[in-house]
Amino acid sequence: MALRHPVEIRDVELDDASSLIKLWVACAEAVSDEGSEAYTQQTLWRCPDEAEARAAIEFNAREHRRRLIVALVGGELVGAVAADLATLNPITMCKVMIVTDLQVKPSHRRRSIASSLLSVVAAYAEEQDCELVLANSAAHAREPNRYLTKLGFNQIAVLRAIPVGKLNARLATKSSGSRETGRLLAVRRSLRRRAAVRG
């Protein structure tokens with residue numbers, strides 16, 4: 001019987017960039033056959049090059065409220081999770097730990113990798129005097145959602161996304177159809193009619 005390697009959990013290092021890209025690619029490919037919801041989610045994923053991944057790791061390291069924790073088995077990076085410290089809403093001091101991007105390599109699932117990562121997050125949340133741990137996972141991701149539900153996470157919110165350019169375009173269209181804009185156009189038409197009658 002083969003012995004299992006112990007799971008090593010630590011904070012991310014810059015040199016993990018290439019391994020993290022491989023992890024994300026493997027996890028993205030594992031959900032590619034889960035239907036239209038998965039396809040919609042996949043449109044949000046794009047594979048970075050190593051320079052971009054390193055820049056993102058550095059950017060997040062400077063943001064003291066965000067921590068990226070990785071899991072290694074036999075020196076191979078097989079899991080990761082991001083944890084963000086925040087308040088439940090902007091006007092209370094109820095601290096929460098927001099868990100995002102819980103990723104476990106498909107070949108290493110059901111080996112307590114996710115549990116090991118979440119144990120570190122829970123300890124970190126306790127250190128920071130958090131009252132709640134919130135987990136953000138893709139709506140179509142059946143396995144992660146089942147796992148989180150088994151642990152006792154309840155659904156409390158819906159997370160929606162839109163590209164910035166599209167949001168700006170939609171808001172511009174909406175504001176051009178507002179009451180104030182309608183009134184202004186009516187006044188302009190009225191002035192034109194009066195000018196035409198006089199002219």
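## Contacts, elements and surface patches

Among contacts in the chain (heavy atoms within 4.5 Å) between residues at least 6 apart in sequence, 63% join residues at least 24 apart. The model is predicted, and local features need pLDDT of at least 70, side-chain atom pairs count only at pLDDT 80 or more, while totals for chains, interfaces and linings use all residues. Residues are numbered from 1 along each chain as its sequence is written, and side-chain values use heavy atoms, with hydrogens and water left out.

The chain holds 7 helices and 5 strands, where helices (H or I, at least four residues) and strands (E, at least two) are DSSP runs numbered from the N terminus. Read from that end, their order is β-α-α-α-β-β-β-α-β-α-α-α.

Of the 199 residues, 25% count as buried, a word that stands for under 20% relative accessible area, whereas exposed stands for over 50% and partly exposed for what lies in between (1.4 Å probe, protein chains only).

On the surface, R188, R189, R192, R193 and R194 gather in a patch of positive charge, while I162, L167 and L171 form a nonpolar patch with about 240 Å² of accessible area together. Patches are made of residues with over 30% relative accessible area and no salt bridge (a side-chain nitrogen of Lys or Arg within 4 Å of a carboxyl oxygen of Asp or Glu), with like charges joined within 9 Å and nonpolar side chains (Val, Leu, Ile, Met, Phe, Trp, Tyr) within 5 Å.

One residue from each patch is set out here.

| Residue | Helix | Relative accessible area |
|---|---|---|
| R192 | α7 (residues 179–198) | 56%, exposed |
| L171 | α6 (residues 164–176) | 45%, partly exposed |

Notes:
Accessible areas come from the Shrake-Rupley method with a 1.4 Å probe; for residues, only the protein chains shown count as cover. Lys and Arg count as positive and Asp and Glu as negative; His and the chain ends are not counted. The place of a charge is taken as NZ of Lys, CZ of Arg, CG of Asp or CD of Glu.
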